[in-house]
Amino acid sequence: MHDINIVDDSFDLKRTTEYHLSIQVGLDGFSYCILDVHRNKFIVFRHLPLMIGRPQFLPKKIEAIFDEEEILNATYKSISVSYSTHKATLIPKAYSEPDYAAKVATITNEISRNEDVLTNDLPGFNYQLIYCYPKDMMALLNRKFTEFQFRHKS
């Protein structure tokens with residue numbers, strides 16, 4: 001996918017506290033969109049293609065994007081971050097004991113020491129998604145944003 005940058009004329013950097021920022025990041029790209037919550041209209045969409053071979057290199061690239069994109073450093077009403085990875089396993093919620101997620105993740109995927117494991121319940125289904133993400137990426141997001149939702153892209 002190519003670099004995409006669409007900005008509606010109504011976007012105002014001074015009004016970001018009225019907007020929702022949504023980010024999706026993975027080894028093949030970094031995308032974000034901004035929703036004007038009052039009008040329920042997306043007013044910004046940006047996609048930056050990436051060619052990263054290993055998850056441990058992703059945080060450094062994300063940090064460079066944050067340094068380049070002024071719009072990402074504003075204060076937003078709410079923020080969500082979706083991580084795109086194939087290192088994910090779907091299990092029935094009946095098996096969702098706290099220690100079980102890490103065990104399943106290590107059995108079904110190769111987890112490096114630079115990665116950690118999270119789970120997301122899938123609303124409307126009786127399943128849980130277990131996935132891993134780079135620890136340094138989460139540390140970066142915690143430095144950039146005081147509050148955000150983090151989940152797998154699915």
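1. The largest nonpolar core of this predicted model has 35 residues. Those with the most contacts inside the core are Leu 21, Ile 23, Phe 30, Ile 34, Leu 72, Met 137 and Phe 150. Several elements feed this core with at least two residues each: strand E2 (19–26), E3, strand E4 (41–49), H1, strand E5 (78–84), E8 and helix H3 (135–144). In soluble globular proteins, nonpolar side chains tend to be buried together.

2. There is also a second core, separate from the one above. This second core has 5 residues. Ala 101, Val 104, Ala 105 and Ile 130 are among them.

3. Look next at Ile 34, one of the residues with the most contacts inside the largest core. What does Ile 34 touch, leaving aside its neighbours within four places in sequence? The list is Phe 11, Tyr 19, His 20, Leu 21, Lys 41, Phe 42, Ile 43, Val 44, Ile 71 and Tyr 76. Leu 21 also appears among the residues with the most contacts inside the core.

4. Now the aromatic rings. A search of the whole structure gives 8 aromatic pairs. One of them joins Phe 30 and Phe 66: the ring centres are 6.1 Å apart and the planes stand at 80°, so this pair is edge-to-face. Phe 30 sits in strand E3 (residues 29–36), and Phe 66 sits in helix H1 (residues 58–68). The two are 36 residues apart, so the pair links distant parts of the chain. Both Phe 30 and Phe 66 are buried.

5. Tyr 133 and Phe 150 make another pair. Their ring centres lie 5.5 Å apart with planes at 65°, so they too are edge-to-face. Tyr 133 belongs to strand E8 (residues 127–134) and Phe 150 to strand E9 (residues 149–152), so the pair ties together parts 17 residues apart in sequence. Are these two buried or exposed? Tyr 133 has 7% relative accessibility, so it counts as buried. Phe 150, at 13%, counts as buried too.

6. Some rings form a group. Ring pairs link Phe 30, Tyr 32, Phe 66, Phe 145 and Phe 148 into a cluster. Phe 30 thus has a place in this cluster, and Phe 30 is also among the residues with the most contacts in the largest core.

7. Strand E3 also holds a polar residue to check, Ser 31. Its relative accessibility is 16%, so Ser 31 counts as buried. The side chain of Ser 31 makes a polar contact with the side chain of His 47, at 2.6 Å. Leaving aside neighbours within four places in sequence, Ser 31 is in contact with Ser 22, Ile 23, Gln 24, Arg 46 and His 47.

Technical notes
Residues numbered from 1 in each chain as written. Predicted model: local features only at pLDDT ≥ 70, side-chain atom pairs only at ≥ 80, totals over all residues. Heavy atoms only, no water. Phe/Tyr/Trp six-rings, centres within 6.5 Å; stacked < 30°, edge-to-face > 60°. Helix = DSSP H or I, 4+ residues; strand = E, 2+ residues; numbered from the N terminus. Buried < 20%, exposed > 50% of the residue type's maximum accessible area, 1.4 Å probe, protein only. Core = buried A, V, L, I, M, F, W, Y, C linked by side-chain atoms within 4.5 Å. Contact = heavy atoms within 4.5 Å. Polar contact = N/O pair within 3.5 Å; in protein donor to acceptor, adjacent residues only side chain to side chain.
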